[in-house]
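I opened this structure for a first look. These are my notes, in the order I made them.

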Amino acid sequence: MSEEQVITKKPKGDAESQDGWKPKIIGFVCNWCTYAGADLAGSSRLKYPPNLRVVRVPCSGRINPQFILKAFQQGFDGVLVSGCHPGDCHYAKGNYYARRRIMLLQKILEYMGIEPERFHFDWISAAEGQKFAEVVERFTEQVKTVGPFKGVAG
Amino acid sequence: MEKALRQKARELLESGSVRLVIGYEQGSVPFKCTPLFAETPEEAERLIWNPTCVNNLAVYLPQVISQGKVAIVVKPCDVKSVVELIKEHKVNREDVVTIVVPCPGVLNLDGLNGLDLRDVKSVQWGGEGIIVECSSGAVELARERSFLSKCLSCTIGKAPLADIEIGESPIRNPLTDKHTCVAEYEKLSPAERRMFWARQFAKCVRCYACRQACPGCYCNECFVDKKGQMWLLRATDPASNWFFHTSRMMHIAGRCVGCGECERACPMGIPLTLLGTKLDKEVEEMFGGRAGESPDAPPILGCFEPTDPDPCPE
């Protein structure tokens, strides 16, 4: 699938579960750290909520802020972004560039009225399977607390 | 003033040191100007400099610079756009000659409301603000009514990149603070803010006038025009409009010099500078730099410091 198809694909399945609403969360994670961390969480059989759809990208520096904006435009309830810890980037400095962009994006989203709880950024390394599970758990709870996203247009 | 400007432009063209002078000439009505592209000394005689010269002419630079050296008439605030273009290697420093004109502020067309526009003969600086010469006599407009809001909060001192300076730049005495409107807006709750933009962007007809007027929007192919990777539909639904405007803002983040051309060009009156001003403020607070200050500084989002603020401090 092209990146456009990935981000415009409507999440389905658990949208209409028996007890009503379940949050739809998209996660953009770096191939070298967080994706491997997620893998570790899986192989260690750690439990975390199934609401997250993971999109693997080569580096957090690859995450175009428009991916995140597009996710909100399409009505995702939450967006998680994660990459290698500062100083540990596979490409030496991709995450430093990402950090500036993400900081600004976070500010502008909040400014435009998207609840800050709907966006989360974290550094998760390949060894932090436990942290990955915890972050997803905590973020899903957080999104549940703010409730369904009414969309960017109202 | 106009005389000195024409004289300079004439000299530059006659000596052959520039191929083209970009400036302002009288528009079809006395209260509007239109850009002038003077290639001969005779054409340079049509240059004007008065309160109607609102456009940021730097927007034309990337299109004309490849054909030879260009001189451009710029207000001290427009110089920042030229600085950004040099910084981003769209324009070579040696290919551009800036002619900085002294600017007390430029005309806010809304200030003419209530006057019979057919009657207007000329618009000139005078008194505290602007004097509009009508056939029935002169009308003096106060500063608050005459000038664009960016001019009322202007604190620009010396232009960072002035090759030729015409006259003395007036001393700034800002009436308002440009961050006031941001602070005012920030009093709204998140839901109210979302509604605010939903209403604003519902008006958007996606004519892309904001993009065309922006000196920072020079991409050969804008993301909205891409066909292979279709970021958004051509139709104007409020959510797509939201995506367009927020994406554009992220593209000009750290590069926006706050010239306000996007808002001025908008036929639907969307307050786009409310976003640009906020970005400018955040960029300065977080990364300690501002767009358009020095041509030697790296682009703000194209560099980093290991000590940058962290969205997830350890």
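**Strand 3 and its neighbours**

I began with one pairing: strand 3 and strand 4 of chain A run parallel and are joined by 5 bridges. I noted that the model is a predicted one. For a sample pair I picked A:Val79, whose bridge partner in strand 4 of chain A is A:Phe119. Then I traced the chain between the two strands. It leaves strand 3 of chain A, passes through helix 4 (residues 94-111) of chain A and arrives at strand 4 of chain A. This β-α-β crossover is right-handed.

I turned to the other partner of strand 3. Strand 1 of chain A is joined to strand 3 of chain A by 5 bridges, and the two run parallel. Here A:Ile25 stands opposite A:Gly78.

Is strand 3 of chain A covered on its faces, or open? I checked both sides. A:Gly78, A:Leu80 and A:Ser82 are buried on one side. A:Val79, A:Val81 and A:Gly83 are buried on the other. That fits the count for strand 3 of chain A, where 6 of 6 residues are buried. I kept a general reminder beside this: side chains in a regular strand alternate between the two faces of the sheet.

**The whole sheet**

Next I put the strands in order. The open sheet of chain A has 4 strands, in the order 2-1-3-4, with parallel pairing. Strand 2 (52-57) and strand 4 (119-123) of chain A are the edge strands, and each pairs on one side only. From one strand to the next, the twist averages 20 degrees.

I also looked up strand 1 (residues 25-30) of chain A against strand 2 of chain A. They run parallel, joined by 6 bridges. A:Gly27 stands opposite A:Val54 there. Helix 2 (residues 34-43) of chain A packs on the sheet and touches strand 1, strand 2 and strand 3 (78-83) of chain A. Its direction makes about 115 degrees with that of strand 1 of chain A.

**Chain A overall**

I stepped back to count. Chain A holds 5 helices and 4 strands. Its elements run α-β-α-β-α-β-α-β-α from the N terminus. Of its 154 residues, 51% are buried.

**Where the chains meet**

Last, I looked at the contact between the chains. Chain B brings 33 residues and chain A brings 32 residues. Which element of chain B gives the most to the side that touches chain A? I found helix 10 of chain B, with 8 residues. The residues on that side of chain B divide into 24 nonpolar, 3 polar and 6 charged.

Methods: Residues numbered from 1 in each chain as written. Chains lettered and ligands numbered in written order. Predicted model: local features only at pLDDT ≥ 70, side-chain atom pairs only at ≥ 80, totals over all residues. Contact = placed C-beta atoms within 7 Å. Nonpolar A, V, L, I, M, F, W, Y, C, P; charged D, E, K, R; others polar. Pairing = 2+ DSSP bridges. Axes fitted to C-alpha atoms, helices over the stretch in contact; angles between N-to-C directions. Buried ≥ 20, exposed ≤ 12 C-beta atoms within 10 Å, placed from the backbone. Right-handed = clockwise from strand over helix to strand, strands pointing away.
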